[in-house]
Amino acid sequence: MSPSVKTCAICKKEIPADPKRRPGPFCSETCRTIDLGHWAEGSYCVPVVELDQDLTGTNGSHDLN
Ligand SMILES: [Zn+2]
């Protein structure tokens with residue numbers, strides 16, 4: 001295992017040691033974008049608010065009058 005060889009976090013390809021390449025666990029801008037997409041999807045995981053209970057309760061009591 002050579003510490004100088006890194007693998008892409010997305011496609012698992014070897015990232016060649018290149019001083020001009022910006023640091024990061026990705027082999028290319030494409031894989032970097034894919035990883036950012038994964039994070040964006042996770043942040044949009046908003047819990048759904050259930051309104052069924054409130055609706056049935058209001059309708060039921062109103063009908064009795
Ligand atoms: Zn990659």
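A residue is counted as exposed if 12 or fewer other C-beta atoms lie within 10 Å of its own. Ala17 is therefore exposed, with 10 other C-beta atoms within 10 Å. The model described here is predicted.

**Overall organisation**

The protein contains two helices and two strands. Read from the N terminus, these elements follow the order β-β-α-α. Of the 65 residues in the protein, buried residues account for 3%.

**Strand β1 and the loop that follows**

Strand β1 spans residues 6-7 and includes Thr7. Thr7 is exposed, because 12 other C-beta atoms lie within 10 Å. When residues up to four places away in sequence are left out, Thr7 touches Lys12, Lys13, Glu14 and Ile15.

Lys12, one of these contacts of Thr7, is placed in the loop between β1 and β2, the latter covering residues 14-15. Lys12 has a phi near 65°, which is a positive value in a residue other than glycine. This residue, Lys12, is also exposed, since 9 other C-beta atoms lie within 10 Å.

**The loop between β2 and α1**

Ala17 lies in the loop that connects β2 with α1, a helix formed by residues 29-43.

**Pairs separated along the chain**

Thr7 and Ala17 each take part in a C-alpha pair for which a separation was computed, with Phe26 as the partner of Thr7 and Lys6 as the partner of Ala17. The two pairs are set out below.

| Residue pair | Separation along the chain | C-alpha separation |
|---|---|---|
| Thr7 and Phe26 | 19 residues | 7.5 Å |
| Ala17 and Lys6 | 11 residues | 8.1 Å |

Thr7 thus combines a place in strand β1 with contacts that include Glu14 and Ile15, and its C-alpha atom is 7.5 Å from that of Phe26.

Technical notes:
Residues numbered from 1 in each chain as written. Predicted model: local features only at pLDDT ≥ 70, side-chain atom pairs only at ≥ 80, totals over all residues. Helix = DSSP H or I, 4+ residues; strand = E, 2+ residues; numbered from the N terminus. Buried ≥ 20, exposed ≤ 12 C-beta atoms within 10 Å, placed from the backbone. Contact = placed C-beta atoms within 7 Å.
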